[in-house]
2 protein chains.
Amino acid sequence: MVWALALILSLTSMVEESSESEKSYYKREKWCNKLFIEDRFFSYTLKELRLLTLILAESALETIPKNLWRHPAVKRYSKKHRKPPQLIVLDRSYHHAAMRTLSESDKRGRPDIVHFVLLEALGSPLNKERLLQVYVHTLNNHVISVKPETRLPRNYSRFVGLMEQLFKLGRAPPNGKALLKLESKTLSQLLSEINPTYVVGFSTAGAPYTIEEVTSRLSNEEKPVVIIGGFPHGHFSAVTLQLVDKLVHIDSEMLEASTVTSRVIYEYECAISLPMKRLKR
Amino acid sequence: MVWALALILSLTSMVEESSESEKSYYKREKWCNKLFIEDRFFSYTLKELRLLTLILAESALETIPKNLWRHPAVKRYSKKHRKPPQLIVLDRSYHHAAMRTLSESDKRGRPDIVHFVLLEALGSPLNKERLLQVYVHTLNNHVISVKPETRLPRNYSRFVGLMEQLFKLGRAPPNGKALLKLESKTLSQLLSEINPTYVVGFSTAGAPYTIEEVTSRLSNEEKPVVIIGGFPHGHFSAVTLQLVDKLVHIDSEMLEASTVTSRVIYEYECAISLPMKRLKR
């Protein structure tokens, strides 16, 4: 009897402790997420603290390839901007004429896609909670790791300048803590490092699912990964398709990468009840 | 008895007709929406066909104001781009030094906000269904009407060039059907023209609601209007606030205009079951 009472009391104090800590957690700063995960009293909320990894795959981001360096349009652009072609990011808006001879030309030279997706992702409440990790994988197998606290330039030219610095130095800013890091890495190598429990790819070639159905499954996974194409036309390569557990399409037409990004992040937030929780603070 | 049978048969044929037409509607092209609305057999689906009007209000989009034309930074920029200052769009990225003396400087010179919001809105399935009408109202009381079939340049410099053409000519393209039209108009005048049944404004100063709650109400209105701030800092003016039926905030922190736009559009789509319907096509 005494033993039972002691157990009840101890359980009550645990619940109270959880509840009190839970309240204070929501009031505390974001860096507390880590503390929170390590606290065994809160194991029941672990689902709500699982990091969503978003990979923008085969992104149309690269420096001007060597076989275009001598093209008149590229030479003019290089002279005007006082930069050697190997340090200039390929951009269809400016290098369209030169790009005609490129292989897979349709999938290349669109840094604006990466810009939009990163701004959408980094500005989301999910990222503000430090529950989102973003990687940009490029067509030429580079991977950019993006720290969640990164504040990207909203001006396009400055963003492209930042990418050019990144291709040159491998990191940004050049000194201090690296917020962006560029490495030579395949998508397969990146996924091996992440070691995901479930990988969803978005493609018009996939099976039809609503985003809600997809994120509901994702939110129940321990290490969910979402792969969105960072190119303007075409489909994922066969290599990428092999790395995906489930390929889905969420609309009858192709949607922009930034639209898919914002919708998936938002529905994932809903799946872990984040909008409600943030509103209550 | 015969009369009753005839009635049943006639009703059956009506239902079949609806069902058949409904199927073919979903297969048909977008221009059919209009036909659909006019068909009295489909009055029960009217809710699903109500146009959402989105107004980006007090947007930070204007040409360089007269009192800055003689500022050295503006003169340099004007010379470099071979354009007179009155035809250049004010942009904090380039005219920051000159903007220090401006009144309400914090709310001005951010055409990128308009660019992002328009791309988000025009690329949405809701817009592809012609169920979205977008207006950009500016701080200086200009209103840009955007035709849903408009394909905006995704490159920022080209978008700014288009806005400069719009401020100069009042329309774009210069000839043929006007996809963008700029008029001198206050927000109040615009709303009188639209004659909305319900206007929701999004601001951190509003009452806390989830987007789902907001869009659920909007989708039941005949002429719902959503107002989102097109400026980087600060709040709506008192004039704007008077025009709003309900002021809401949907997150504990300020969200980017493009984030609010994409979330509101997506939730409105969900409220009218659009994602499911489009997936079934």
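**View 1. Helix 11 of chain B sits inside the structure.** All of helix 11 of chain B is tucked in: 15 of its 15 residues are buried, so the helix is largely enclosed by the rest of the structure. Here, buried means that 20 or more other C-beta atoms lie within 10 Å of a residue's own, exposed means 12 or fewer, and partly exposed is in between, with C-beta atoms placed from the backbone. Helices (H or I, at least four residues) and strands (E, at least two) are DSSP runs, numbered from the N terminus. This is a predicted model, where local features need pLDDT of at least 70, side-chain atom pairs count only at pLDDT 80 or more, and totals for chains, interfaces and linings use all residues. Residues are numbered from 1 along each chain as its sequence is written, while chains are lettered from A and ligands numbered from 1 in the order in which they are written. From its first C-alpha to its last, helix 11 of chain B reaches 21 Å with 15 residues, close to the 21 Å expected at 1.5 Å a residue; that expected span is 1.5 Å times one less than the number of residues. Just past the end of helix 11 of chain B, B:Ser273 has a positive phi of about 55°.

**View 2. Strand 7 of chain B is covered on both faces.** Six of the six residues of strand 7 of chain B are buried, so this strand too is largely enclosed by the rest of the structure. In a regular strand the side chains alternate between the two faces of the sheet. On one side of strand 7 of chain B you find B:Pro224, B:Val226 and B:Ile228, on the other B:Val225, B:Ile227 and B:Gly229, and all are buried. Strand 1 (residues 52-59) of chain B pairs with strand 7 (residues 224-229) of chain B in the parallel sense, over five bridges; two strands count as paired if DSSP finds at least two bridges between them. Look for B:Leu54 opposite B:Val226, and B:Leu56 opposite B:Ile228. Strand 6 of chain B also pairs with strand 7 of chain B in the parallel sense over five bridges, and there B:Val200 has B:Val226 as its bridge partner.

**View 3. The sheet of chain B and the helices that pack on it.** Zoom out a little and chain B shows an open sheet of eight strands in the order 4-5-3-2-1-7-6-8, with mixed pairing. Its edge strands are strand 4 (171-172) and strand 8 (246-249) of chain B, each pairing on one side only. Helix 5 of chain B lies across strand 1, strand 2 (132-138) and strand 3 (142-146) of chain B, at about 175° to strand 1 of chain B. Such angles run from 0 to 180 degrees between N-to-C directions, and axes are lines fitted to C-alpha atoms, for helices over the stretch in contact. Helix 11 of chain B packs on the sheet as well, touching strand 1, strand 2, strand 6 (198-208) and strand 7 of chain B, and its direction makes about 160° with that of strand 7 of chain B.

**View 4. Where chain B meets chain A.** A turn of 180° and a shift of 0.0 Å along the axis lays chain B on chain A with an RMSD of 0.0 Å, by least squares on the C-alpha atoms of residues with pLDDT of at least 70 in both. That is the relation of a two-fold axis. In chain B, the C-alpha nearest the axis belongs to B:Tyr156, 3.1 Å from it. The contact involves 28 residues of chain B and 27 residues of chain A, where contact means that the C-beta atoms, placed from the backbone, lie within 7 Å. On the chain B side, at least two residues each come from helix 5 (111-122), helix 6 (125-128), helix 7 (156-169), helix 11 (257-271) and helix 12 (274-280).

**View 5. B:Asp112 and its neighbours.** B:Asp112 is found in helix 5 of chain B. With 23 C-beta neighbours inside 10 Å, B:Asp112 counts as buried. Leaving out residues up to four places away in sequence, B:Asp112 touches A:Arg154, A:Asn155 and B:Tyr156. B:Ser157 is 45 residues from B:Asp112 in sequence, yet their C-alpha atoms are 9.8 Å apart in space.

Methods
Contact = placed C-beta atoms within 7 Å.
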